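Colleague: I am new to this structure. Please pick a single part and take me through it closely. Then tell me how it compares with a few other places and how far I can trust the model.

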Amino acid sequence: MPRGVASQFLILYGSQRGQAQSIAEEICEQAAEHGFIADISCLSKGEKYNLERERGPVVFVVSTTGDGEPPDTALKFVKKIKNKSLPCDHYSHLHYALLALGDTNYANFCNCGKTIDSRLQELGAKHFYATGHADDGTGLEIVVDPWIEGLWEALKKTFAKMSASNQEGTNQGEVTKKSIQQEAQIQEKLDSSAISLSLLKLTDVETEKGKAETSVLESKSTDILGAPLEASLIRSVPPLSGSSLNVPALPPSYLDVCLEDSPAEEESAHHVVKEGFYEVAVSGAAHLTRDDAVKSAILLELDISDQDMPYQPGDAFDVLCLNRASEVEELLRRLGLKDQRSQSVHLQLRKDTKKKGAQVPSYIPQKCSLEYLLTWCLEIRSTPKKAFVRALVDWTQDSREKRRLQELCSREGSADYNRFVRDTNLCLLDLLQAFKSCSPPLSLVIEHLPKLQPRAYSAASSSLRHPGKVHFVFSMVDFPACVEHPERTGLCTGWLMHHVSAILQPYGKTASAEKTADCPALPKINVRPRVSNTFHLPSDPSAPIVMVGPGTGVAPFIGFLQQRYQERVEKQDDVFGETWLFFGCRHKDRDFIFREELERFVENGTLNHLKVSFSREELDGNEPRYIQHLLLLHAKNMVHVLFKENGYFYVCGDAKNMAKDVNDALIEMITKELQLDKLESMKMVAKLREEKRYLQDVWS
């Protein structure tokens, strides 16, 4: 419905894992404090809004997933606005602001937000406030917090302009030259690293409203020997310890939770089926690395012969893992609910909630046990967001602990929040262990902990080579002990390692398992296919391919090569393109995974070029240490393959370092071999991406 109230606006969000939704809800909750009425809807709920008739301001909050793709909840909307039959003035009545979320560790930063933004502009829509691009790689709040602060002033000016235009039901006022210049200045600042200060200055929102009315505790800045104290999770130092704080508004509570003694219903089968998962047996498991390798890599073989799960090399599989039993046990104890673990949980919306669009989480089965809820449904390892930290303040008794939590969630304490909470991968349990007087209710925990997400692993096999089976590889993830938390392994990798320990074969043995007296039944896990739309072998088998995959990043390329081998056997008259594989690891004899299989592919002609680097070996001055150095040694061949033979360039592995280094190497190769400047080389790389000939499967 169109907004009919002078100070009413619409918020639309597109979210994959809940971050964009959470930020949109935060904007909605703050609106009333600033004198506005906000309606909120997910972009997927097209029946709840109508942009064609919308006359009030619209605020978009959208994330990006995968290789620059829209989140599932925004796919339909993006497809709709991309319709080429829409006239160029289709949204000429629309005034909007857009906050895009992304991660600079990945290619196509904030691509969904940028796509929506540019397309709305093409269709005649106008900005009333500069677009923000928030980077999860450095901390979303660095951009999000000041962007929201500046939004209120922009809305006030927009509504004032609409009122002055004296046109009922319309907002067709022209943007003045001055406001356009101001918007350009704000946009420039939004794209800079100094956003949190510059945006607030530009929008004149340095106000005392919302500052915490708390007395500042005098914190000692030296210890008993006179040495300066250092800041920590539980302690601040000047100037923060003596500052007045701008603490965010308390998020409204919206759930009533009731624990009953009635037996909990059998929920596991329902939970798995509802989410589209299949329970399959792990038919084999083996170490791919020696015991003295820096990181352990493990190969799993799953038996999918009884399931309808077709896949192609390049596809991935979601694995549904459980929270650690020991951590669930400790969280129950810390919440004072250890004796209620078997009671059934009943959730319903609070009748007095002020949270707009509040819903009972659909991923929590009704009448499940409390233990099941904390084991299967909530991401108890997730890092608490500032809104959660703010909510914990009101359930903390000790005045010093309360003050410190206020600092961590405040604008002034952003650096400490990043340093001690975000960057250390702190979880709720860590926070509760540090702040002993904090005792939140179960309802607050359910409201703020996100859904437990499955972990994706690339298929390391071809169904042509291994019918009824799928392989995948994972490296053990380790989080070293620090002041804020004890040593621990990654949630899914640690769980998988423990789960398959009874059938896990040592290095050098085949990943096959049989039932024995020690292992009467094969372990089972819940998986579902995650089909890739692009990360596949070329449809034209004669096209050459370059594969770049250090470490476990080689996994999908094993599937590629198995597929190509079978195709060459079955279609001997076909022409197949040249194949290159660039692989890197630390030590030749410790973690060169799939070495024997790769060498067989070279021998039988499936793999034409195998190039390997070893980063921890003793090398002479000319040997390449990292995979990007290997690429540079073959720059002439790479440029020829990509631009003379229209080849494909695949990269799989670490997004934070490797993928960036490989991208830089590709630009350098083009610059050198084609005698171009860097900007032109970057354009050629962008064109490869547009043509879907530069494809990435990367993770951070």
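Modeller: What follows starts with one helix pair, then turns to other sites and to confidence.

First, the ground rules. This is a predicted model, with residues numbered from 1 along each chain as its sequence is written, and local features need pLDDT of at least 70, side-chain atom pairs count only at pLDDT 80 or more, and totals for chains, interfaces and linings use all residues. Side-chain values use heavy atoms, with hydrogens and water left out.

Look at helix α16, residues 555–570, and helix α17, residues 595–603. Helices here are DSSP runs (H or I, at least four residues), strands are runs of E (at least two), and both are numbered from the N terminus. The two helices pack at about 35°, with axes 11 Å apart. Axes are lines fitted to C-alpha atoms, for helices over the stretch in contact, and angles run from 0 to 180 degrees between N-to-C directions. The crossing of α16 and α17 is left-handed. That term means the near helix is turned anticlockwise from the far one by less than a right angle; clockwise would be right-handed.

Who meets whom? α16 brings I558, L561, Q562 and Y565; α17 brings E597, L598 and F601. Contact means heavy atoms within 4.5 Å. These residues divide into five nonpolar, one polar and one charged. Ala, Val, Leu, Ile, Met, Phe, Trp, Tyr, Cys and Pro count as nonpolar, Asp, Glu, Lys and Arg as charged, and the others, Gly among them, as polar.

Now zoom in on Q562, which sits in α16. Is Q562 buried or exposed? Q562 counts as buried because its relative accessibility is 2%. Buried means under 20% relative accessible area, exposed over 50%, partly exposed in between (1.4 Å probe, protein chains only). The Q562 side chain makes a polar contact of 2.9 Å with the side chain of E597. A polar contact is a pair of N or O atoms within 3.5 Å; within protein, one must be able to donate a hydrogen and the other to accept it, and residues adjacent in sequence count only if both atoms are side-chain atoms. A polar atom of the Q562 side chain also lies 3.0 Å from the backbone nitrogen of S462. Beyond four places in sequence, Q562 touches A460, S461, S462, R465, H466, E597 and F601. R465 is 97 residues away along the chain, yet its C-alpha atom is 6.2 Å from that of Q562.

Elsewhere, E327 lies in helix α8, residues 325–334. E327 is buried, because its relative accessible area is 15%. Its side chain has a polar contact of 3.0 Å with that of R381. Leaving out residues up to four places away, E327 touches I380, R381 and L429.

A511 is in the loop between β16 and β17. A511 too is buried, at 11% relative accessible area. The C-alpha atoms of A511 and S283 are 7.9 Å apart, though 228 residues separate them along the chain.

Finally, confidence. The chain has a mean pLDDT of 87, and 87% of its residues reach 70 or more. pLDDT is the predictor's confidence in each residue, from 0 to 100. Confidence is highest in strand β18, at 98, and lowest in helix α6, at a mean of 32. Over residues 168–220, pLDDT stays under 50. Where pLDDT is low, the predicted coordinates should not be read in detail.
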